[in-house]
Amino acid sequence: MLELKSVWGACGAGAVKDVSFRLPNGKTYGVFSSHYADAVALCSLMSGARTPTDGVILAGGFDLHREARQARRGIGYLPPDLLPDGELTPIEYLMSVADLRALSYDKTLRRAHELLELADLADKKDRLIANLSHGEGRILCLLQTLLGNPEILILSSPLSGLIPKDAQKMRDLIKYFSDTYTIFLCTPSLGDLCEMCDEIIVLQDGALEAIAPATAEELLAEYSVTAPDASAPKAAKPRKRTRWSMLTEKSGDYEVLEGDEKEGKN
């Protein structure tokens with residue numbers, strides 16, 4: 001289980017402000033924001049790639065920053081701009097990641113071959129990554145999140161820059177892995193989130209606005225299918241919080257922390 005307690009922090013142009021929730025295992029969750037950079041920042045903080053300025057993040061009961069080694073064992077993270085070294089082959093890339101994580105060589109080698117077979121890349125395992133497509137490179141980066149048997153996958157912008165064929169393959173893989181792993185997904189397309197997720201966290205100006213089922217009609221009616229790109233954010237139209245009354249209640253397996261459970265910012 002992943003838990004955030006009054007988390008504040010920033011990453012690039014995005015920021016998170018006093019966000020608290022519990023994320024139990026067993027489902028696919030997504031995050032949506034009219035300012036996409038805020039959603040990317042949340043993923044960066046949850047993965048441990050960035051340290052919050054205030055608040056606590058627990059992964060499997062371990063503090064993500066005070067007990068980073070234990071906590072990060074349970075997290076597989078795909079950053080938005082990660083690409084593999086083009087001078088390596090797919091199998092070399094996966095094994096180099098395993099080496100950095102001090103994983104068992106024999107077990108990881110078997111796992112790497114299984115993952116390449118699953119992603120239809122087994123016939124390209126000895127080909128230089130530089131000769132593969134951009135989409136195949138990003139799929140390799142998705143596969144590296146699965147090394148080490150994590151409990152939760154945090155996928156930030158996994159579909160970004162992919163042609164339709166590769167984007168659909170990435171969607172199919174994410175859906176396949178959702179049967180085994182808890183997934184937290186960040187993408188600017190509300191349509192993709194509704195297709196792949198069970199529950200969606202909505203951020204407004206970096207703060208928690210709502211937690212809703214992915215099929216909530218209010219959620220679809222309030223926002224366009226695709227949010228503005230983080231590199232060129234547009235001003236969000238004014239919203240009435242009263243329209244979210246039905247969504248701010250406890251939804252599914254989420255539990256919003258309130259009152260004395262929530263550690264306020266000093």
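Colleague: Before we start, what makes two aromatic rings a pair here?

Modeller: Rings of Phe, Tyr and Trp, the last taken by its six-membered ring, pair if their centres lie within 6.5 Å. Keep in mind that this is a predicted model.

Colleague: OK, how many aromatic pairs does that rule give?

Modeller: The count is 2 aromatic pairs. In one of them, Tyr-176 and Phe-177 have ring centres 5.7 Å apart and planes at 75 degrees. Planes over 60 degrees apart count as edge-to-face, so that is what the Tyr-176 and Phe-177 pair is called.

Colleague: And how do the rings of Phe-177 and Tyr-181 sit?

Modeller: Their centres are 6.4 Å apart and their planes are at 75 degrees, so Phe-177 and Tyr-181 are edge-to-face. Ring pairs thus link Tyr-176, Phe-177 and Tyr-181 into a cluster.

Colleague: Is Tyr-181 buried or exposed?

Modeller: Tyr-181 is buried, at 8% relative accessible area. Phe-177 is buried as well, with 4% relative accessibility. Tyr-176 has 48% and counts as partly exposed, because the exposed class begins over 50%.

Colleague: Switching to helices. What angle do α5 and α6 pack at?

Modeller: About 15 degrees, with the axes of α5 and α6 10 Å apart. Angles under 35 degrees count as roughly parallel, so α5 is roughly parallel to α6. The crossing of α5 past α6 is right-handed.

Colleague: Which residues make that contact?

Modeller: From α5 they are Gly-135, Glu-136, Arg-138, Ile-139, Leu-142 and Leu-143. From α6 they are Asp-166, Lys-169, Met-170, Leu-173 and Phe-177. Phe-177 of the ring cluster is therefore also a contact residue of α6.

Colleague: How many of those are nonpolar, polar or charged?

Modeller: The contact of α5 with α6 has 6 nonpolar residues, 1 polar and 4 charged.

Colleague: Now α3. Which of its residues are buried?

Modeller: Helix α3 spans residues 90–100, and its buried residues are Pro-90, Ile-91, Tyr-93, Leu-94, Met-95, Val-97 and Ala-98.

Colleague: What covers them?

Modeller: The cover on the buried residues of α3 includes α4, residues 105–118, and α5, residues 134–144. So α5 helps cover α3 and also packs with α6.

Colleague: Last one. Which residue with a positive phi follows α3?

Modeller: Ala-102, with phi near 55 degrees.

Notes: Residues are numbered from 1 along each chain as its sequence is written. This is a predicted model: local features need pLDDT of at least 70, side-chain atom pairs count only at pLDDT 80 or more; totals for chains, interfaces and linings use all residues. Side-chain values use heavy atoms; hydrogens and water are left out. Rings of Phe, Tyr and Trp (its six-membered ring) pair if their centres lie within 6.5 Å; planes under 30 degrees apart count as stacked, over 60 as edge-to-face and the rest as tilted. Buried means under 20% relative accessible area, exposed over 50%, partly exposed in between (1.4 Å probe, protein chains only). Helices (H or I, at least four residues) and strands (E, at least two) are DSSP runs, numbered from the N terminus. Contact means heavy atoms within 4.5 Å. Axes are lines fitted to C-alpha atoms, for helices over the stretch in contact, and angles run from 0 to 180 degrees between N-to-C directions. Angles under 35 degrees count as roughly parallel, over 145 as roughly antiparallel, 65 to 115 as roughly perpendicular and the rest as oblique. A crossing is left-handed if the near helix is turned anticlockwise from the far one by less than a right angle, and right-handed if clockwise. Ala, Val, Leu, Ile, Met, Phe, Trp, Tyr, Cys and Pro count as nonpolar, Asp, Glu, Lys and Arg as charged, and the others, Gly among them, as polar.
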